[in-house]
Amino acid sequence: MNLSLFIARRLYGEGGEGKKVSRPAIRIATAGVALGLAVMLISVSVMLGFKHEIRSKVIGFGSHLQILNYESLRSGNQTSPLAFPDTLLENLRQTKGISHVQRFCNKGGILKTDEAFKGIMLHGVDENFDPVFLEKNLVSGEIPVFSGDSVTQQIVISRQIADELQLNVNDKVYAYFFEGSVRARRFTVAGIYETHMTEFDKILAFTDLYTCNRLNNWEKDQCSGLEISVDEFSEIDNVASRIMPEIKWRTDAYGASFVLMTIRELYPQIFEWLDLLNMNVWVILILMVGVAGFTMISGLLIIILERTNFIGIMKSVGATNRMIRHIFLYYACFIILKGLFWGNIIGLGLVVLQGATGMVHLDASTYYVESVPVLIDWRYVLVINFFTMVASVLVLVLPSFLISKIHPARSVRFE
């Protein structure tokens with residue numbers, strides 16, 4: 001039987017009873033560990049939730065991977081067409097890790113009402129379009145069934161565009177396109193969406209691929225590119241390497257070259273910004289571990305000083321400094337474990353409450369979300385608990401050597 005652990009349990013079971021100083025010291029140390037852990041859990045959950053929410057919105061607009069015409073990248077805003085044979089589309093859909101493939105076609109233009117006008121980018125999609133993302137962010141109306149073979153004359157716009165042009169669902173609006181000559185189309189507003197991603201909401205409108213294709217004067221089998229969704233965001237690079245042999249050095253029937261782009265490459269500034277959040281969280285984690293460690297050091301020193309008489313008696317009956325240090329380190333572990341318990345209750349409880357109610361709101365124009373997003377990843381929870389425990393114990397090793405300075409003869413008379 002571990003004698004040090006047995007004695008530590010007995011001492012902890014007393015709960016500092018009769019000790020005027022150790023009782024509040026133990027409570028403060030426990031509260032320090034609980035507070036530090038709760039803040040760490042909340043910080044990591046908010047960081048994960050925010051990154052997941054923003055990332056999912058960007059991917060909703062552009063998918064995980066895109067196959068484009070190489071000339072589109074060279075020319076900047078100028079969209080160049082690609083023709084995708086059915087065999088290539090079928091091979092991509094059967095590739096491991098790919099969940100969805102859809103064609104798209106872009107065309108810049110202007111929406112105009114009697115009172116105002118606004119520049120937009122029409123994003124044309126066909127019957128293979130996955131409407132889940134738009135439906136999730138739809139505020140009114142519905143998502144029509146778009147087609148690649150016929151005109152629907154329907155359009156889905158953002159709330160920002162609708163507010164600027166004072167449009168509502170079922171309103172008619174004219175769109176004008178300029179390429180050599182002015183071409184006009186009349187659309188019906190079928191739905192209005194809102195994602196709070198200003199860079200997309202202020203310009204992007206959805207319609208059928210057939211209309212965009214005709215406005216670009218392209219052939220029926222041509223489009224701006226392919227949007228490819230994968231099963232897991234972390235698998236983007238692996239999936240890209242799998243399909244690269246399909247498109248490397250490949251040209252379409254019209255001589256256009258294929259190029260594969262990941263969502264990180266298409267929107268590097270957004271993902272670099274999200275990566276910066278990791279640094280902020282690391283700072284918080286280090287500070288909170290420091291708080292927990294400092295309170296535990298203070299608590300342990302107070303407990304040792306109040307147990308000086310006990311230490312002297314233990315030494316007088318033959319206990320070694322090592323054994324006594326282990327007693328007090330075990331004692332500290334019980335305090336840390338209690339702090340971890342309450343820290344998990346408080347931290348995860350607040351995270352769950354925020355996820356269920358969204359009680360903490362944000363300025364959507366600045367943070368792209370209306371309330372603080374949270375996401376619990378149990379791997380992070382376990383790692384944070386483990387390293388908080390280890391760090392808190394390690395910082396106590398050096399203070400525990402104070403025990404070796406206590407002389408038995410003098411300590412038994414210590415009050």
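Colleague: In this predicted model, does Phe233 count as buried or exposed?
Modeller: The cut-off for buried is under 20% relative accessible area. Phe233 has 18% relative accessibility, so Phe233 counts as buried.

Colleague: Which residue lies over the face of Phe233?
Modeller: A charge over a ring must be within 6 Å of the ring centre. Here the distance is 4.2 Å, and the residue is Arg55.

Colleague: What kind of aromatic pair do Phe233 and Phe271 form?
Modeller: The count comes to 14 aromatic pairs. In this one, the centres are 6.0 Å apart and the planes differ by 15 degrees. Planes under 30 degrees apart count as stacked, so Phe233 and Phe271 are stacked.

Colleague: How many residues apart are these two?
Modeller: Phe233 sits in the loop between β11 and α9. Phe271 is in helix α11. The pair links distant parts of the chain, 38 residues apart.

Colleague: What kind of pair do Trp273 and Tyr368 form?
Modeller: Their centres lie 5.7 Å apart. The angle between the planes is 85 degrees. Over 60 degrees counts as edge-to-face, so this pair is edge-to-face.

Colleague: How many disulfides does the structure hold?
Modeller: A disulfide needs two cysteine sulfurs within 2.5 Å. The structure holds none. For Cys212, the nearest cysteine sulfur, that of Cys105, is 4.9 Å away. The number of disulfides is zero.

Colleague: Which cysteine has the sulfur closest to that of Cys223?
Modeller: Cys223 counts as buried, at 0% relative accessibility. The closest cysteine sulfur is 6.9 Å away, too far for a bond. That sulfur belongs to Cys105.

Key
Residues are numbered from 1 along each chain as its sequence is written. This is a predicted model: local features need pLDDT of at least 70, side-chain atom pairs count only at pLDDT 80 or more; totals for chains, interfaces and linings use all residues. Side-chain values use heavy atoms; hydrogens and water are left out. Buried means under 20% relative accessible area, exposed over 50%, partly exposed in between (1.4 Å probe, protein chains only). Rings of Phe, Tyr and Trp (its six-membered ring) pair if their centres lie within 6.5 Å; planes under 30 degrees apart count as stacked, over 60 as edge-to-face and the rest as tilted. Helices (H or I, at least four residues) and strands (E, at least two) are DSSP runs, numbered from the N terminus. A charge sits over a ring if NZ of Lys or CZ of Arg is within 6 Å of the ring centre and within 35 degrees of the ring normal.
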